[in-house]
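Let's take a walk through this one, starting with a single helix and working outward to the chains.

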Protein chains: 12
Amino acid sequence: MRILLINGPNLNLLGKRQPGIYGSLTLKEIEERTAKRAAELGAEVRSFQSNHEGEIVDFIQKEAEGADGIIINPGAFTHYSLAVRDAIEGAGKPTIEVHISNIHGREEFRHHSVVADIAMGQVSGLGWRGYVAALEALVGFLQERNQ
Amino acid sequence: MRILLINGPNLNLLGKRQPGIYGSLTLKEIEERTAKRAAELGAEVRSFQSNHEGEIVDFIQKEAEGADGIIINPGAFTHYSLAVRDAIEGAGKPTIEVHISNIHGREEFRHHSVVADIAMGQVSGLGWRGYVAALEALVGFLQERNQ
Amino acid sequence: MRILLINGPNLNLLGKRQPGIYGSLTLKEIEERTAKRAAELGAEVRSFQSNHEGEIVDFIQKEAEGADGIIINPGAFTHYSLAVRDAIEGAGKPTIEVHISNIHGREEFRHHSVVADIAMGQVSGLGWRGYVAALEALVGFLQERNQ
Amino acid sequence: MRILLINGPNLNLLGKRQPGIYGSLTLKEIEERTAKRAAELGAEVRSFQSNHEGEIVDFIQKEAEGADGIIINPGAFTHYSLAVRDAIEGAGKPTIEVHISNIHGREEFRHHSVVADIAMGQVSGLGWRGYVAALEALVGFLQERNQ
Amino acid sequence: MRILLINGPNLNLLGKRQPGIYGSLTLKEIEERTAKRAAELGAEVRSFQSNHEGEIVDFIQKEAEGADGIIINPGAFTHYSLAVRDAIEGAGKPTIEVHISNIHGREEFRHHSVVADIAMGQVSGLGWRGYVAALEALVGFLQERNQ
Amino acid sequence: MRILLINGPNLNLLGKRQPGIYGSLTLKEIEERTAKRAAELGAEVRSFQSNHEGEIVDFIQKEAEGADGIIINPGAFTHYSLAVRDAIEGAGKPTIEVHISNIHGREEFRHHSVVADIAMGQVSGLGWRGYVAALEALVGFLQERNQ
Amino acid sequence: MRILLINGPNLNLLGKRQPGIYGSLTLKEIEERTAKRAAELGAEVRSFQSNHEGEIVDFIQKEAEGADGIIINPGAFTHYSLAVRDAIEGAGKPTIEVHISNIHGREEFRHHSVVADIAMGQVSGLGWRGYVAALEALVGFLQERNQ
Amino acid sequence: MRILLINGPNLNLLGKRQPGIYGSLTLKEIEERTAKRAAELGAEVRSFQSNHEGEIVDFIQKEAEGADGIIINPGAFTHYSLAVRDAIEGAGKPTIEVHISNIHGREEFRHHSVVADIAMGQVSGLGWRGYVAALEALVGFLQERNQ
Amino acid sequence: MRILLINGPNLNLLGKRQPGIYGSLTLKEIEERTAKRAAELGAEVRSFQSNHEGEIVDFIQKEAEGADGIIINPGAFTHYSLAVRDAIEGAGKPTIEVHISNIHGREEFRHHSVVADIAMGQVSGLGWRGYVAALEALVGFLQERNQ
Amino acid sequence: MRILLINGPNLNLLGKRQPGIYGSLTLKEIEERTAKRAAELGAEVRSFQSNHEGEIVDFIQKEAEGADGIIINPGAFTHYSLAVRDAIEGAGKPTIEVHISNIHGREEFRHHSVVADIAMGQVSGLGWRGYVAALEALVGFLQERNQ
Amino acid sequence: MRILLINGPNLNLLGKRQPGIYGSLTLKEIEERTAKRAAELGAEVRSFQSNHEGEIVDFIQKEAEGADGIIINPGAFTHYSLAVRDAIEGAGKPTIEVHISNIHGREEFRHHSVVADIAMGQVSGLGWRGYVAALEALVGFLQERNQ
Amino acid sequence: MRILLINGPNLNLLGKRQPGIYGSLTLKEIEERTAKRAAELGAEVRSFQSNHEGEIVDFIQKEAEGADGIIINPGAFTHYSLAVRDAIEGAGKPTIEVHISNIHGREEFRHHSVVADIAMGQVSGLGWRGYVAALEALVGFLQERNQ
C-alpha cells in the first residue's frame, strides 16, 4: 500500500519559524514519524514538498496512478488553488486534507478550503499528530475496502 | 487522565440508519473501541449521548471540572447551538470536535460550525476512526503539556 | 395506515392567544378534527406536542418505524432546528410540513424553513384546514403508492 | 360562490411531459377534479391557462370582480412576474398559491415567490391534490367569513 | 406587582467562571439584590434559570398570566431561540432584555438578538446593575401605566 | 465625581414632537432628573446638546479630561458618526450609550451603532429612565473601581 | 413636437382600485390633462397602455422614430423588464420615467428600476401631476436643445 | 402658503463648476425662478443653503412650524445624513426631494437616499426644472388638502 | 434533421440599430446564412422571432416535438425568463444558446443566463458567425449521437 | 497569419481521464485538427500547454508580438489567474476563450471567468469543436480587419 | 506653488493621545515639518484643521481656486463624508489622501475610503513621514506637469 | 541596512507597455533610482522580479533572514496570492506594499489586497516615486527602531 504525503508552500519551514502556531517539529521529522507509523501498518509513504503550484500538480499527475491514497496539507493553496483541486479530483484516489493549526479558528479567509468537498475528510488543529491520524484512518479505510 | 466523549442528537441511531453516510458501527461499539484505545493509552473515557441541548449543557457543567479534555460530536447542534458552545468555552478544557461524515462536502449549512473556533481542532470524514484519532491526539497533547 | 401528527413549541396555546393570527380552535380541537377525518379515510393519527426540541427528536426516533407518514408543524423550530430536520430525514417517511399562518407573508426570518427541502410538501396559511389538507394528500399519496 | 382557477406557462403540458416531477394527470383532468369537488361544496370554478403574462393579467382584471377567490399556480411566473402580483393585489380577493412539486426542495431560484406574501396561503408539493386542498380551504374560509 | 426574572443557559455558573467577563457575583446574589430592590419598590420577583430551552418556554407559558412584566437574560438563546421569542410575544407582557457583558462589543454573532425587536428595551454591559436598572425602569413604567 | 451628559441632533425637541415614541418629558426635565439623582449619589452632571457633529467632538475633547465618565445619546449620529466615535475612544473614559426608544425594534438602519463596541454598555428603550439607569450603573462602577 | 406617453400593466385600472395609493383620476383623465397641457406648450401626445410586455416593445419600436421624447410609467415592468429597457435604449430618445406613488417608500423590490439609468430623469410620488411635470421638463429640454 | 426650499452642501457652487452635469444656472437664479413661479401660484418661498449638516437641522427645526411644505435637495447628505432625515420626519410636513442630475444613473452610492422613504416624492434628473415641478406638485397637493 | 432557430426581443432590429455592437447583418440575412449552411449539412432550419415571451413559449411547445435541436438567442429574456427556461427544459432537446455580442464583457446583469445551465453549450461574442458555429456543433453532435 | 493556441493546467490529460466530461480526443489530436483547419484557412497555429502559471505568462509575453490572435483554454486558471489575464491584456491581441465542457452548467465556482471581459468572445460546451469554432471566428475577424 | 494641507476631526489631538497608534509629534510639529520641506522644494503650504465637516467643505471651496494641489487626512470623515468628497471633486485639483496609521490593517470599517477613487493617490501607515512623502510626490508631479 | 525590493508578474514590462497607466520608466531605471537613493541613506537594495509565484516565495524565504525590511509590488499577486502573504508573514520583517497606479481607483477586484493587513503600510498611485517614498519611510523607521 502506497500513500502520497504532500505539503504545500512555506511548510518546508516547519519547526523553524512561528513554533507557537506550527509546533517545533521540522517537516523532515514529521515525514519520518509518518513513514515510521506507515511501516508499522504495512504501508509506504512517498513524501513531497513544493512552493510551486505547478510542481504539485505535476507530482500528483505522475505519482497518483501508482498510489493508493493521498494525504495533503496544501498550505496557502488550500484556499484558492483550483489547479491542485482539479489534479486531486482527476487522480481519483481517497484523499485526506491535513492542517497543523486549526484553520477554523484563524482568519476568516482560512475557513474555506477548495479541496475539502472532494476530499474524504479533513483533520485540522491536531499538530503533527494530524498527519499520523490521517494516515491511520486512510490505511484503515483502504484495508477495509480491499477485503 | 479522564476524557469526556459527548455525542449530540440522532447519533444514538448510528449503525441503524443511513449506514451509507454514517457507517455500520453502533454508537455503543464506537464508544467501546474508543474506551479500549483509551485504556491502552492510560486514559479513561466517560461517554454521554443526548438529543436534548440542555442535557448536554448540564453534563458539561457537571463533569468538566473532573475531566482533562473533551471529545464532542455535536451532531446537528454543531451548526447553531451557541449554548453548547458557551458551555464548552466556560469549561476551559482542550476540546476536539469530531464528525463522522465530511461536513465540508455536504449541504452548505453543514460547513459552518459554531464550536470550531473555540476547539483545539476538528476531525471530519474519517468515520468511527475519527473518534480514535481525536483521542490519540488529545491524550498525546495532554501528556506533553503535563510533563 | 398510521400518521404521526407533531406540533412544536407554543402550539399548545392555539386558540388561547393571538386568535387573529392563529385562529380560535384549540390544539385539541384541531387534533380531533384531523383524527376524525383520518378515521373516515381509514387511517389512524398519533398526536404529540412539545416545547422541547429533544422530546420531538425522541418521539420521531421512537414512533417513526411503526408509522407510514408524518405531518409536522414545527412552530419556531421550523427556522433553526437542524436536529428535528435530521430526525425526520433519518426516519425516511413521507412528511408534510404545515403552518397555520402564511409564513411567507410574515417576518423575513420566518420565510426560510430548514425542513422544507426534505419534506414531500408544505401547506402554509390555510389555518386549521391545513392539517386536514395535509392528511388527505398524504393518505391519498400512500394509498396510491401501496397499490 | 365563484372561484378562479389560473395556471401559468407550460402547465398546459401537465401529464404529457416530465411525469416524474409533475404527475400523470393532464391539466384538463385536474381542472375537472377540482370543478367536481367544487360542485359538491356548492361552488363553481372558472378555469384559465396561458403562457402569456399579459393574458393572465387581463383575465384577473376582467374576472376578479365577479369572483369570490382565486387559486393560482403561476408556474415560472411565480418567481419574477410582478405584473401578475400587482394584478392579484389589485383584485383584492383571497388567493391561494398552488405548486404541484415542492418548490422549496428544488433549484435555489424556485424557493422565492413574489406572490406568496400577498396570498392567504401556499400549497406546495401535494401534486394534483394541492388544487383540491386549496379549493376546500378557500371555500371553507369564504363560508365562514360570509356567515 | 409581580415580575418574572428569567436567566438562560450557563448563567447558573455566574460568579464561578470567567469573572473577568461576567463579574464575581453569583446568580443567587444577583437574584437577591434584585428581589431586595423590588421589595423596596413594592414589587415581587419570581426567579427562574434553566439550561433547557423547552423549560423556559414552559415557564413563560405557565407564569406569564399572573405576572405584570418580564426581565430576561436569555444567554446564548438570545441569538437563535425563536421558540423563546414566540413564548414572550405570546405572553403579551412588557419585557426587558438584560445582558451582563456588552454584547455589541463582543463576537459578531452576539450582536444580533432575536428577542430585541419585541422587547420594550435592552440593557447591555452594565454588569449585575443591569438587572436592577431593568427592574426600576419596568416597575416605573408599570406604575405609570396603571395610574 | 463628574459625568458628561451629551445629547445629539434633534433631541432638543424631546417632549415637543412625537411623544408617542419619545415620551412627554422635555430634554431640560430629563437633564434635571438626571442631575438630581446624581446629587443624591454624590456626583455632578455636565449637560450638553447640539445638532452639530463638530460641536460634540469639540465638547468631548475639551471636557473629557476633567470628567470621570460619559453618558451619551448620539441620536442619529449613533449610526454613522465615526468622528464622534473617535472622540469618545480618544477620551478614554467609561461611556454608556443611551437611547430613549428601543433602537433594536425600529428601522433596520437603526439597529447598528458605530459607538457600541467601544462603550461600556448600552441602554435602549427605557425612556427617560434610561438616563438615570445609566447614571446609577456608571457611578456604581466608578465607585467600585476607585476603592 | 411629439411625445409618447406609455403606461404599463394594471395602470388601466387607475381611479378604479386602491385610490388611497394611486388617486381617483382614471388613466383617461390623466392622459387628457397631459394632452391639454401639451397643446398649450405646442406639443402633441400619443398615448398607449398595455398589460403585455411584448406590445409595449412593439409600440416603442414602431412609434419612436417619429417621436421626440418618451414619458413612461412602466408599472411592474419597472423592476424587471429588460426587454422594455432595451427597446427604450434602442429608440435613442430622451425619456422620463414617472411613478404615481413614491416607489422609494414602498416595498424593497420596488426601489430598483431597470430603466432609471438610461432615462434622463425620474419623477416619483407626485400623483397625476408627475405626468405633467415630466411633460413640462421634457418639452423645455427639447425646445432648448432644438434652438 | 409657505414653502421651505433647502439646498445642501456644494450646491452654492451651482452654475460655477461642472456645468456639464449640473447646468449653467446659479443657485440664486434657480431660487428666483422658483420664487417667481410660487408667487404666480399664491405661495411664498423661504430659501436656505448650507454646507453644514447641523445648520440644516437647526433651520428645519426653527422654520418648519410656520411652513406648509418642504422642497429639499440634500446634496451629498442625501446618502447618509440620518440627522437631516430625523429633522424632516420630526417636522411632519409634506416634503419633496429634488436632484438636479439623475442620481439613479450615476455612481452606485448615489442610488440610495436615506430621505426618500419619508418624502412624499422624489424628482431626479430634470435639471433646474425639477425645483419648479416639485413646487407645482406640492402647492397643488396642499391646495387640494386644504379644501 | 430539423433545427429550431429562435430569436428573442429586439433582435428583429439586427443590422438596423447599434451596428457597432451587433454588426450590420439583418436578422433575415443571418437566418438565410444559417439556413444555407444547414442545407449543406443536410439539415433544415425553422426560424422564429418574437418580442413576446408567451409566443416563444408557445412556439417551443408546438414545434419541439418535430425538431431535433434548438438554437436560441433569447435576447433580454436570457437574464430573467424562467418561463422560456422551463419550456426549453420541458422540450428535452439539445439546445445551444447564442449571443451576438460578448455578454460576459458587458454590463454586470448580462453575465447571468437563466438558460445556460440547461443548455448543451453557449456561444457568445462571435457575431453572426456564432449562429453558424452553433449549427455546425449541434448538427455534428446529433449525427454522432444518431449513429 | 499566426494564432497562438494555449492550454492550461491538467489539459495535457485530455482523452485520458474523465472522457464522459471532456471527450476522448487527446490534446495532441485536438491541436492537429485545429492546425489542419488553420492551414485550410491560410493560417498557422503555435500550440503550447503548461501546468505552470508563470510559464503561460512568459509564453504570452514572448510570442504575442509575432502573433495575430490568441485562442486560450486556461483550465482552472480561468477562475483566478489575474496574472494570465494581465498578460493577455498587455499583449493587446484579439483573444477567444475556449472551454471544452459548459462551465456555466458545472460547479458555481466555474461560472466566473477573470479573462472573459477582456476577451473578444467565449466558446463553452462545444467539445473539441469549440477550438475550431474559435479559430474560424478569429481568422474571419482578422481577415476582415486587415482588408 | 501652493498646497492645501487639511486635517479632519480629532487630528488636533495628535501627539497628545494614543501615541502608540498615531506617534508623538503634535499636529503643529507635523505641519511645520511639512512646510519646511515644502520651502526646500519651492512650494508653500496652507494648513487647516477642523472637527466640523461643513468647515472643511467651506475651506476647500474658498481656497481651492488659488491652490495647486491638496493633501488631506480626512480622519473619520474618510469613511462616510460624501460632502467632503464632492468638495474635492468639485475643486478639480490633484489630491493625495494621507493616513498616519495603516487603515488597511485596522477595523473593517476603516478599510473603505469614499475619497480614494477621486484622489491621485493614497499614503497609509507611514506616520508623520506620510505627509512629507505626499508633498514630495505632489510637488514632483506638478512640476513635471507644468513644464 | 539591507532592503529587499520585489516586483511581481508583468512588472518586467514597465516602461514598455501602457505608459499612460504605468509611466515611461523601465523597471531597471526604477530599481536604479531606488538603489541610488538608498545609497544616499546608507542602505543597500537587493532587487528581484519574477512572474512565478513559487520563485517569489523561495526568494523571500532565502533572503529575508539577512535583510532588514521588504518593499514589494506584488502586481497581480496582490489580490490572491496567499502563498506570498504567508511567506511575508513568516519572514517577520517590516514590509511596505507599493503600487504604481492607484489600485483603489481601478477595477473592483484591484481594491482588495491580501497583503495589506500584514504590511506596515501601503503606497498607491504615486508612480515610480512610490518606491522611493516607501524606501525613505522604511529606512527612517528602521533607523529609529535601531537606536
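**From one helix to the whole assembly**

In this predicted model, helix α4 of chain C, residues 82-91, is mostly covered, with nine of its 10 residues buried. Those buried positions are Leu82(C), Ala83(C), Val84(C), Arg85(C), Asp86(C), Ala87(C), Ile88(C), Gly90(C) and Ala91(C). What do they pack against? Their partners, also in chain C, are α3 (53-63), β3 (69-73) and β4 (95-99). Just after α4(C) comes Gly92(C), which has a positive phi, near 70°.

Now hop over to chain G and look at a pair of helices. Helix α2 (residues 27-40) and helix α5 (residues 129-146) of chain G have axes that come within 9 Å and cross at roughly 25°. Angles under 35 degrees count as roughly parallel, so that's the label α2(G) and α5(G) get. As for handedness, α2(G) passes α5(G) in a right-handed crossing. On the α2(G) side the contact is made by Ile30(G), Thr34(G), Arg37(G) and Ala38(G), while α5(G) brings in Tyr131(G), Val132(G), Leu135(G) and Glu136(G). Sort the residues of this contact by type and you get five nonpolar, one polar and two charged.

Finally, step back to whole chains. Chain A lands on chain B after a rotation of 180° with 0.1 Å of shift along the axis, at an RMSD of 0.1 Å. The two copies are therefore related as by a two-fold rotation axis. The same surface serves both copies, as 100% of the contact residues of chain A recur in chain B. Other pairs don't touch: for chain A and chain F, the nearest C-alpha atoms are 20 Å apart. Chain B and chain I don't touch either, and their nearest C-alpha atoms are 20 Å apart.

Technical notes. Residues are numbered from 1 along each chain as its sequence is written. Chains are lettered from A and ligands numbered from 1 in the order in which they are written. This is a predicted model: local features need pLDDT of at least 70, side-chain atom pairs count only at pLDDT 80 or more; totals for chains, interfaces and linings use all residues. Side-chain values use heavy atoms; hydrogens and water are left out. Copies are superposed by least squares on the C-alpha atoms of residues with pLDDT of at least 70 in both. Contact means heavy atoms within 4.5 Å. Buried means under 20% relative accessible area, exposed over 50%, partly exposed in between (1.4 Å probe, protein chains only). Helices (H or I, at least four residues) and strands (E, at least two) are DSSP runs, numbered from the N terminus. Axes are lines fitted to C-alpha atoms, for helices over the stretch in contact, and angles run from 0 to 180 degrees between N-to-C directions. Angles under 35 degrees count as roughly parallel, over 145 as roughly antiparallel, 65 to 115 as roughly perpendicular and the rest as oblique. A crossing is left-handed if the near helix is turned anticlockwise from the far one by less than a right angle, and right-handed if clockwise. Ala, Val, Leu, Ile, Met, Phe, Trp, Tyr, Cys and Pro count as nonpolar, Asp, Glu, Lys and Arg as charged, and the others, Gly among them, as polar.
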